[in-house]
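The following exercises are to be worked with the sequence and the coordinates at hand. Each task is followed by a solution in steps.

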Amino acid sequence: MLKQIEGSKAVAEAIALCRPEVISAYPITPQTHIVEDLSQIVKKGALGNCQYINVESEFAAMSCVIGASATGARAYTATSSQGLLFMAEAVYNASGMGLPIVMTLGNRAIGAPINIWNDHSDSMSMANSGWIQLHAETNQEAVDLHIIAFRLAEQLSVPVMVCMDGFILTHAYERVDIPTQEQVDNFLPKFEPVQMLDPDEPLTMGAMVGPEAFTEVRYLSHHKQLQALEVIPQLASEFEKQFGRKSGAMVDPYHTIDADTVVVSLGSINGTIKDTIDILREDRCSIGSVKLGAFRPFPLAELREALSGARRVIVVEKDVALGLGGIVASNVRMALRGTSTPVYTIIAGLGGRPIPSKSLDKAFRQAMDDDIEDPLFLDLNHEVIDRELARMKEQRRSGPVAENILREIGLVGHSPRKV
Amino acid sequence: MQQRVKYYQTGTFTVGNRLLDEEKRTVQATKERNNSLTCGHRACQGCGEALGARFAIDAAMNAVNNKLIAVNATGCLEVFSTPYPESSWRIPWIHSLFGNAPAVATGVAAALRARGETKTRVIAQGGDGGTVDIGFGCLSGMFERNDDVLYICYDNEAYMNTGVQRSSRTPPGARTATTPPVGEHPGNSYNQGKNPALIAMAHNIPYVATASVADLHDLEDKVEKAMSISGARYVHIHVPCPLGWGAKPSNTIRLARLAIETGLFPLFEAEDGEIVDTTPIRKQQPVDEYLKLQRRFAHILKDPLALETIQAMADRNISRFNLVREMEVTNNG
Amino acid sequence: MDKPFAITLDIESSYSNHTGSWRTERPVYIDRLPPCNDACPAGENIQGWLHEAEEGKYENAWRILVRDNPMPGVHGRVCYHPCENACNRQQIDSAVSIHAVERFLGDQALKHGWKVEAGKDSGKKVAIIGAGPSGLSAAWHLRLMGHQVVIFEAGPMAGGMMRFGIPKYRLPREVLDEEISRICDLGVEIKLNSKIDDIPALMDEGFDAVFVAIGAHVARRTDIPARDAGTILDAVSVLQNVETGDTPPLLGRRVIVYGGGNTAFDTARTAKRLGASETMIVYRRNQEQMPAHDFEMHEAVDEGIMVRWLSTIKEIDDTSYKIEKMRLNDEGWPEPTGEFETIEADTLILALGQTTDSSFLEKLDGVEVERNGVVKVDESMMTGFPGVFAGGDMVPADRTVTTATGHGKLAARNIDAWMRGEKWQAGDRHEIAGFKHINPWYYTDAPKKLQPVLDIARRQSTFTEVVKGLDEDNALFEARRCLSCGNCFECDNCYGMCPDNSVIKLGPGKGFEFNYDFCKGCGLCAAECPCGAITMIKEPE
Ligand SMILES: Cc1cc2nc3c(=O)[nH]c(=O)nc-3n(C[C@H](O)[C@H](O)[C@H](O)COP(=O)(O)OP(=O)(O)OC[C@H]3O[C@@H](n4cnc5c(N)ncnc54)[C@H](O)[C@@H]3O)c2cc1C
Ligand SMILES: Cc1ncc(C[n+]2csc(CCOP(=O)(O)OP(=O)(O)O)c2C)c(N)n1
Ligand code: SF4
Ligand code: SF4
Ligand SMILES: [Mg+2]
């Protein structure tokens, strides 16, 4: 059913259609509306026996769904940013134990400085935790990905994080096609756990594993991610058959066939990128784009294939590996290893900074001339940076020793550092 | 508390007693006990925690018709019972993290409720560190929500699994790896301590109790009672650790007993936030009888001020919980 | 897909981890010797029969008891119960009232007519001289072994000093008679009024061995200068007279008993009951040195008997007795003070001890007789004359019913072996279960049950039994006060307290076993065994 609806609400309705049995969450912007809506749905009784647990922290939220999932319940939570870091230990734990939990991540920057706006630093921080990370471009895709996520998680016994950009998607009112219960039920069978806590068939979950088997345990987790590379496309095509629309592509190309330059990105920014490409192509620029539908598993082969005709690649990403550069870019380079295709990194949209098409246009043109800083911090205010760097340089200078000492003990003026 | 059977030579103090009515013997006395934590585990010789865990879980299993799921925090109990490839548990059991056992248990209970499995009950358990320190936020949350979980803390008064570091349950003066017996006030600081049972009571949860491996009947009664109640419950069990306390493995029960008899570990029970019963001391002992059997206190035995302070703590417990009083005796002899 | 590898495990898979290899010491179950058993002159397995009595299995208890002692009714009344002085429970509150439970069992047996069977006929024949406790006990044990037994008794009734010494108010004759007749029922023939003075002749009658148990009946006398002696009697004849005489002896209103032993007190109390309104015991030493037991003195004093310590009788002039006060010198011996006093009395009874008339034994080759007619025996109770054994008051030992009874048992075992040309070997003695082996915390506070006592008025005028027995509830209670020193009583502590579940419970009556595959040797079981029935030993290499 088509609805003009807030992204969060749409996702909440999609989650409800998946018939979760235990939901536990803790408020944090921009994810909050989803769990608020779900609490209403549960409280109204629309989800039967579903338990909605108001916990005291994200750590507890994740822990609670760990317990629920281990006891054979379909379990869901959602968080953002600081919340994800607060539950970090449990995030790793859920995947380590192979619990098919689904979590929505309303992507948001990580402090300090505290910032409630969108970027991808949070999901990137957990990229290697063993969770599958799917990224939605639109709210329609967010809705669809959640339905796919439960199926995927339960089929592989692996937790799935559905990432949607905070505010840009979570708070946006868009037209969304909410599927019917019947459709979802057809797609998503009842949860049948591979292992669960059951007095009739006791088992020990969460053993301590030493060097003699730890590598194997990790390899098997890695193997699950590789399996997901095959399962996700299968589910996407099954989804398309049942729901009549495409969702869940791992690699979604746009005008890549004849493009010398291909832009790679994750999530909602792909819309702006496509708009910019349209403008550039009108200008006869040979440019296209690829949207990554999943960051984990990372579709190395599929991406390599999609980028095989490109002479250069630009990665636009909303995160930064401080001291290195682009995180997504590094992964893309991995896909292109052995080729000489240059990969340029554009760090954009940090802490909610708007990413205007104009800025992208400019940066893409620079890249197409192979004359671009790498990484390029899009729309970085150089004036501010220069001033601040200058000031820092100033204050570090020690100056005449005697005068400094007198200043320190308060006889001459006062130490600016003591302010 | 009543000394229930005065008629028998050992009353109700031993594990069993062939003279006692079957139903008055402990679960541990029965051949049919579950041995929920069974042999082959890697706890140290004489480990009080291993003992306490079997006591408590067997009693709970007995009380709920073997329909039980346990969630375990990281710590000695978890490590010695489940190192790959061997598990010593005979119940459905899960270990997640050091500080989240109460929340995991909440999730387990929620799942059971969601699936309409009303018969299966949930226990969460951990050491004093996992409970009183790192897991305290989750514990308090679980209490406040009154989730249907019995939380059992095995208090051995330090972080044993990581090599005996101080926890907030480490007693004043005690030596640990992080409270060395050097300097002006050797050993752990003489602060006010932290009493999780009293804090649990402040949540007005239906049931809170302290228990000890040295008083099995009392322990089993309390666990059994806890299992007869729904909502959040807390049982805090004192479990001496020979390794961490520097004591002979054969002294585990004796130490736990002395902790009771000195007043240092008061046994009490509370319902809905009010103390309803305390277990009187049978034969009161001075604190040095307890301290002198433990190397962690060796440096304070000759420090009269330290001994006085610890005796004062014991005395305060005795008066606060009315621990020295006439036992009611039913005369059926 | 299967369960996740390594991080999910099968339950109880730790059974493959045999932690027994950690052990440097191992626990073992042992039986230590309870101090009561050790102290019992009759060698009773007290802890053993209390164990049965605790469960209310009185007949079983009695059967264990009479394996060592055929007369629990008697012993429960007159034994001085050294077992109770050794009882570990004294250090908790007070000793188990072992004698009271024994008496209860003895009385139950009489009430229900419990009997035992004699052993299979061995074809051997033993003569016993004297039907006191020692002779009767030997007879019982020999019959249990299947030997034929004839007892030759000089007196008109069986029982020895149990009848002619110990007064009725301490040992009612029905009890004595019934316990003796139970011995007779076993096929023991008692020939009364048959004084023996020629042992070789007796042996010629076809006896393979002889047990002599003639006691000590000859009253010791003392020389007191007497101008005009009044009535002077000896205690044993007075007591015997009370038992056998047609009329009670005439003692008068005022009686002095001279001596400080149990006999003196029995005599004084008997005199009181025969109508003497003023009965006084005169003894040359002080109370601490008196050989009589405190309880006897207290019972006597309660009944109005007066005691003069540190006093000797210097002279007698008809009914006037000149008494000299004594004092203790530095070595603790009494010495005269030169202070005198005169008291009036109708009768003086001498209670100065007895000696044995063993002249007929002296004639036998190899028999050694010591001072006062006491006959020497070796550790097998045999005199210097092969085949002639002796026990009871006539050999050097404590002169008590129980010692005599114990001698009877020991002699019987040795006679049995000797007749087969063997030597009886005592079993290995176990280590004594001392209080240090006990973990007292586990025992409930349980103050001793006191036996009821007859009111004073009736005690002063009748021979009714003074001290009553315990009723069943109280006897059971007393039995259950036993700590079961050194012997497992299946309290399940080891089974419950093992952190490694390494104690296997075998079921009621079968005890426990260690599972050394898993036992780490922590020693908690041994430390928490209430009764000291587990010990730790070095792990065998
Ligand atoms: C007044 C009194 C009170 C006592 N109270 C106690 C008490 O409370 N508790 C206690 O434990 N002990 C008590 N005793 C001591 C106890 O009675 C004796 O130690 C015990 O009876 C000794 O037993 P026996 O078998 O060796 O000798 P006896 O009991 O003396 O028996 C010897 C028997 O041999 C017979 N006899 C002797 N010579 C011959 C012979 N030549 N031929 C055939 N038969 C012969 C005698 O007639 C007698 O029946 C008491 C003693 C007395 C005198
Ligand atoms: C988050 C986290 N911090 C620290 C640890 C290390 N750690 C594991 S067990 C433990 C101490 C356990 O102490 P306690 O809970 O008292 O249990 P015990 O071992 O004494 O039984 C510590 C500090 C951990 N596993 N996780
Ligand atoms: S360190 Fe202490 S708590 Fe841990 S296994 Fe050893 S005895 Fe038990
Ligand atoms: S307590 Fe029992 S076994 Fe121990 S000495 Fe006393 S009667 Fe004998
Ligand atoms: Mg601890």
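**Exercise 1.** What area is buried between domain 1 of chain A and domain 2 of chain A, and what percentage of it do carbon and sulfur atoms give?

Solution. The model is a predicted one. Begin with the division of chain A: domain 1 comprises 2-195 + 209-243, and domain 2 comprises 251-377. The C-alpha centres of these two domains are 26 Å apart. Next, list the contacts: 25 residues of domain 1 of chain A touch 25 residues of domain 2 of chain A. The buried area comes to about 1800 Å², with 54% from carbon and sulfur atoms. Finally, divide the domain 1 side by residue: Met124(A), His135(A) and Glu137(A) supply 34% of the area it buries against domain 2 of chain A, more than any other three residues.

**Exercise 2.** Locate the largest nonpolar core and state which domains of chain A give residues to it.

Solution. The core has 76 residues, and those touching the most other members are Leu38(A), Tyr76(A) and Val332(A). By element, helix H7 of chain A (residues 139-156) gives the most, with 10 residues. Both domain 1 and domain 2 of chain A give residues to this core, so the core lies between them. Then take Leu38(A) as an example: with neighbours within four places in sequence left aside, its contacts are Ala12(A), Ile15(A), Ala16(A), Ile23(A), Tyr52(A) and Tyr76(A).

**Exercise 3.** Is Ser69(A) buried or exposed?

Solution. First place the residue: Ser69(A) belongs to helix H3 of chain A, residues 58-70. Its relative accessible area is 1%. The cut-off for buried is under 20%, so Ser69(A) is buried. The contacts of Ser69(A), apart from neighbours within four places in sequence, are with Ala75(A), Leu99(A), Pro100(A), Ile101(A) and Phe191(A).

**Exercise 4.** Describe the interface of chain B with chain A by contacts, area and leading residues.

Solution. Count the contacts: 38 residues of chain B meet 38 residues of chain A. The two chains bury about 2900 Å² between them, and 64% of this is on carbon and sulfur atoms. On the chain B side, the residues losing the most area to chain A are Tyr84(B), Leu97(B) and Arg115(B), which together make up 19% of what that side buries.

**Exercise 5.** Characterise chain C, then the contact of its domain 2 with its domain 4.

Solution. Chain C contains 19 helices and 21 strands, and its C-alpha trace spans about 120 × 55 × 50 Å along the principal axes. Of its 541 residues, 57% count as buried. The chain is divided into domain 1 (14-31 + 487-538), domain 2 (39-114 + 445-477), domain 3 (125-217 + 356-419) and domain 4 (219-354). For domains 2 and 4 of chain C, the C-alpha centres lie 31 Å apart. Nine residues from domain 2 of chain C and 14 residues from domain 4 of chain C take part in the contact. The two domains bury about 930 Å², 57% of it from carbon and sulfur atoms. On the domain 2 side, Tyr80(C), Arg459(C) and Phe463(C) lose the most area to domain 4 of chain C, together 58% of what that side buries.

**Exercise 6.** How many nonpolar, polar and charged residues does the shell around ligand 4 have?

Solution. List the shell; among its residues are Cys36(C), Gln47(C), Cys87(C), Asn88(C), Cys482(C) and Cys485(C). Helix H1 (35-39) and helix H2 (46-54) of chain C are the elements that give two or more residues to this shell. Sorting by class yields 10 nonpolar, two polar and no charged residues.

How values were computed: Residues numbered from 1 in each chain as written. Chains lettered and ligands numbered in written order. Predicted model: local features only at pLDDT ≥ 70, side-chain atom pairs only at ≥ 80, totals over all residues. Heavy atoms only, no water. Core = buried A, V, L, I, M, F, W, Y, C linked by side-chain atoms within 4.5 Å. Buried < 20%, exposed > 50% of the residue type's maximum accessible area, 1.4 Å probe, protein only. Helix = DSSP H or I, 4+ residues; strand = E, 2+ residues; numbered from the N terminus. Domains from an automatic or database assignment. Contact = heavy atoms within 4.5 Å. Near = heavy atom within 4 Å. Nonpolar A, V, L, I, M, F, W, Y, C, P; charged D, E, K, R; others polar. Buried area = accessible area lost by both parts, 1.4 Å probe.
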